[in-house]
Amino acid sequence: MWIVSIVIGLFLVLLGFLLRFLKMVEILSGYNHEKVTDKDGLANWTGSNIILMGVLILFIGVLNMVLPDLDGTPSVIALIFIILGLSIRTSVGCRRYEKR
């Protein structure tokens, strides 16, 4: 499982980099340029949160590789909380960049 965590973590870091630094907000699902008031702010917010999610998932993968006894249920629970928590945080935070 640690290999999958490391690959997903690296992918999310790359995706976050594309959003935060290259401002590729067009890759976001549901992105509508007519509704967005601050494209740079949206790119920074989503990119930073996705990079954070990727780094945390990568950390769990490396931790499971170094300490194989931690692999299993605790890792899965931690991954679920990381993914759900940061996804909700990102989604709610994106609302401040939309026209009302």
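**Figure 1. Surroundings of asparagine 64.** Asparagine 64 is buried, its relative accessible area being 3%, which falls under the 20% limit for a buried residue. The model shown here, as in every view below, is predicted. Asparagine 64 is part of helix 2. Leaving aside residues up to four places away in sequence, asparagine 64 touches Met1, Trp2, Leu70, Asp71 and Ser75. Of these contacts, Trp2 belongs to helix 1, and Ser75 is one of the buried residues of helix 3.

**Figure 2. Tryptophan 2 and the nonpolar surface patch.** Tryptophan 2, a helix 1 residue, has a relative accessibility of 31% and therefore counts as partly exposed. Trp2 contributes to a nonpolar surface patch of about 860 Å². The other members of the patch are Ile3, Val7, Phe59, Val62, Leu63, Met65, Val66, Leu67 and Leu70. At least two patch residues come from helix 1 (2–20), and at least two from helix 2 (39–66). Helix 2 provides the largest share, with five residues. Two of the patch residues, Trp2 and Leu70, are also touched by asparagine 64.

**Figure 3. Helix 3 and its two faces.** Helix 3 covers residues 73–94, 22 residues in total. At 1.5 Å a residue the helix should span 32 Å, and its end C-alpha atoms are indeed 32 Å apart, so the two values agree. The buried residues of helix 3 are Ser75, Leu79, Ile82, Leu86, Thr90, Gly93 and Cys94. Viewed down the helix axis, these buried residues fall within an arc of 100 degrees and so line one face of helix 3. They pack against helix 1 and helix 2. On the face turned away from the buried side, helix 3 carries the exposed residues Thr73, Pro74, Phe81 and Ile88.

**Figure 4. The salt bridge between glutamate 26 and lysine 39.** The structure holds one salt bridge. Its partners are glutamate 26 and lysine 39, whose closest N and O atoms are 3.2 Å apart. Glutamate 26 sits in the loop between helix 1 and helix 2, while lysine 39 is in helix 2, so the pair ties together parts 13 residues apart in sequence. Glutamate 26 has a relative accessible area of 49% and is partly exposed. Lysine 39, at 36% relative accessibility, also counts as partly exposed.

**Figure 5. The whole chain, for orientation.** The protein chain contains three helices and zero strands, and its pattern along the sequence is α-α-α. Along the principal axes, the C-alpha trace spans about 50 × 25 × 15 Å. Of the 100 residues in the chain, 30% are buried. Among contacts with a separation of 6 or more, 72% join residues 24 or more positions apart. The accessible surface of the chain is about 6400 Å², and carbon and sulfur atoms account for 69% of that area.

How values were computed: Residues are numbered from 1 along each chain as its sequence is written. This is a predicted model: local features need pLDDT of at least 70, side-chain atom pairs count only at pLDDT 80 or more; totals for chains, interfaces and linings use all residues. Side-chain values use heavy atoms; hydrogens and water are left out. Patches are made of residues with over 30% relative accessible area and no salt bridge: like charges are joined within 9 Å, nonpolar side chains (Val, Leu, Ile, Met, Phe, Trp, Tyr) within 5 Å. Accessible areas come from the Shrake-Rupley method with a 1.4 Å probe; for residues, only the protein chains shown count as cover. A salt bridge is a side-chain nitrogen of Lys or Arg within 4 Å of a carboxyl oxygen of Asp or Glu. Helices (H or I, at least four residues) and strands (E, at least two) are DSSP runs, numbered from the N terminus. Buried means under 20% relative accessible area, exposed over 50%, partly exposed in between (1.4 Å probe, protein chains only). The expected span of a helix is 1.5 Å times one less than its number of residues. The arc is that of the directions from the helix axis to the C-beta atoms. Contact means heavy atoms within 4.5 Å.
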